[in-house]
Amino acid sequence: MPATRRQKAAATANDTSYEEDDDDTPGMHYFDGNAYATYEEMVQAKRERNRQLLQSSGLLQASADFRDSIRKSKQKTATKRGIKTDKKRKAAESLPRRKSGRIAGVKADGFYVEDERAGRFTIAGTSISAAAGGNAAASQEIEVADDRFFNDRINDGSDISVKEAAENPGAKWVKEATVPAAEKFMGEILPSFANEMPARKASSPGRRASPKSVTFKSSPSNKNIASLSSRINALSVDDESCVSKVVPDRIYSVACHPSESSLLVCAGDKKGHVGLWNFDQRGEDGTNNADGVHLFKPHNRVVTHLEWNRTGTSLLSASYDGSVRLFDIHTQKFQEIFATYDDDSAFKGKLGYGVDTGYGYWTQYFCLDPRNADDRCLFMSTSKGTVLHLDLRSKGKITFHHELSEKKINTVSLHPDGN
């Protein structure tokens, strides 16, 4: 039978070359100058024609190559350089898995938490009401001991030694030679980086010299610019030696030591770890088998920012837990130089007393104040849109604390000349 109007419309939509022929033989279907006994044969011919067109255009091969490249990229294994887990050591025994009493058929005791505030729980339920000799709902307030520190910090603000910071990541990341290697690096190798730093001029303590790598003795010529551009375009991370696992979890902050002769990269992750990668493995003897990487944990929450002072003698780190710590090569301690607290009377007298406004508050970023010669002043931004200026000299004080935005301030910076 002749093609129906719907069949002809469908054929026209799928192929613009379809033209209705007034002389069509009844019962036949026409496509591209050929006649087909059934509509299905005509559709199959169209599909074959389209397949040949795609194949000749190269799109099918390009699609196959793209899928292969995606599959191969997913099959690439993570780098084996840097910190490694110690599979031989047994992790701390985990607590028994909690089981549902309802599913087990255990009768509920009738207790529930009515309110919780500052470590005090208000417990209510029918059992308490019965014990009180009445039918009305009753409640009882109890205080539960909480061994955690404010804002889940790693300790009460005490100094952390290199040994303690290297042990804090736990048995999974700490091997037999990990701690001695970390102590040697921080106590012997890192000071040598700082000793090579050029002396600063006392007349302009707040100014930083331009890096030699980007300065020109005269006006930059087109040749110099082209050479720099070609070198930048040639950069790649295909070299396995340029990739290393520095911290266990997602990286939130990165900083490089200001040394002009060696490359020392620092990274902070989401769990409070700070990793130092001695890229050139200068002074390393390879005993810790970590390719120049040393792992520490001075915080318990996200390390939002890392920054070296200008002389390369101190590394500052800020965390979502509201604390700022400073590692000094002379004291070999991770010292808490500032921390935020709420208005609980237990924290009265602390420099950050009353700064923490509660839920949704954390320290986001900081930058050193270049106007201060000894790098003991800094600006800090928070999740509540406020900016603080901290003067940590002598007893320390907050000289500036104002709201500059209705939302979180991700970064803050001050021009090197102090203006």
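Reader: Which side chains meet in a salt bridge at 3.5 Å, N to O?

Author: A salt bridge is read from the distance between a side-chain nitrogen of Lys or Arg and a carboxyl oxygen of Asp or Glu, with a limit of 4 Å. In this predicted model, Asp291 and Lys84 make such a pair, at 3.5 Å from N to O. Asp291 sits in the loop between strand S9 (274–278) and strand S10 (293–296), and Lys84 in the loop between helix H3 (59–75) and helix H4 (101–104), so the salt bridge ties together parts 207 residues apart in sequence. Lys84 is partly exposed, its relative accessible area being 25%.

Reader: Which residues are linked with Lys84 in a network of salt bridges?

Author: The network links Arg81, Lys84 and Asp291. Over the whole structure, the search finds 9 salt bridges.

Reader: How many residues apart are Arg51 and Glu48, and in which helix do they lie?

Author: They are 3 residues apart in helix H2 (residues 39–57), which means a separation of about one helical turn. Arg51 and Glu48 form a salt bridge, with the closest N and O atoms 2.8 Å apart. Both ends are partly exposed: Arg51 has a relative accessible area of 37%, and Glu48 has 31% relative accessibility.

Reader: Now the pair Asp375 and Arg310. Is Asp375 buried or exposed?

Author: The reading depends on a cut-off: under 20% relative accessible area counts as buried. Asp375, at 6%, is therefore buried, and Arg310, with a relative accessible area of 8%, is buried too. Their side chains meet in a salt bridge of 2.6 Å, N to O. The pair links distant parts of the chain, 65 residues apart: Asp375 is in the loop between strand S15 (363–368) and strand S16 (377–382), while Arg310 is in the loop between strand S11 (303–308) and strand S12 (314–319).

Reader: Where is the place of Asp369, and what is Asp369 in contact with?

Author: Asp369 is placed in the loop between S15 and S16. With a relative accessible area of 3%, Asp369 is buried. Leaving aside neighbours within four places in sequence, its contacts are Arg310, Cys377, Leu378, Phe379, His389 and Leu414. The side chain of Asp369 also makes a polar contact of 2.8 Å with the side chain of Arg371. As for Asp391, its C-alpha is 9.3 Å from that of Asp369, and the two residues are 22 apart in sequence.

Reader: Turning to the strands, what order has the open sheet of 5 strands?

Author: A sheet is read by following each strand to its partners. Here the order is S6-S14-S13-S12-S11, with antiparallel pairing. Strand S6 (160–161) and S11 stand at the edges with a single partner strand each, so each has one side without a neighbour in the sheet. Inside that order, S12 and strand S13 (residues 323–328) pair in the antiparallel sense over 5 bridges. Leu315 stands opposite Phe327 in S13.

Reader: How many helices and strands has the protein chain, and what percentage of its residues count as buried?

Author: The protein chain has 8 helices and 18 strands. Of its 419 residues, 35% count as buried. The accessible surface comes to about 26900 Å², with 50% of that belonging to carbon and sulfur atoms. Among contacts between residues at least 6 apart in sequence, 50% join residues at least 24 apart.

Technical notes:
Residues numbered from 1 in each chain as written. Predicted model: local features only at pLDDT ≥ 70, side-chain atom pairs only at ≥ 80, totals over all residues. Heavy atoms only, no water. Helix = DSSP H or I, 4+ residues; strand = E, 2+ residues; numbered from the N terminus. Buried < 20%, exposed > 50% of the residue type's maximum accessible area, 1.4 Å probe, protein only. Contact = heavy atoms within 4.5 Å. Areas by Shrake-Rupley, 256 points an atom, 1.4 Å probe, with all protein chains shown as cover. Pairing = 2+ DSSP bridges. Polar contact = N/O pair within 3.5 Å; in protein donor to acceptor, adjacent residues only side chain to side chain.
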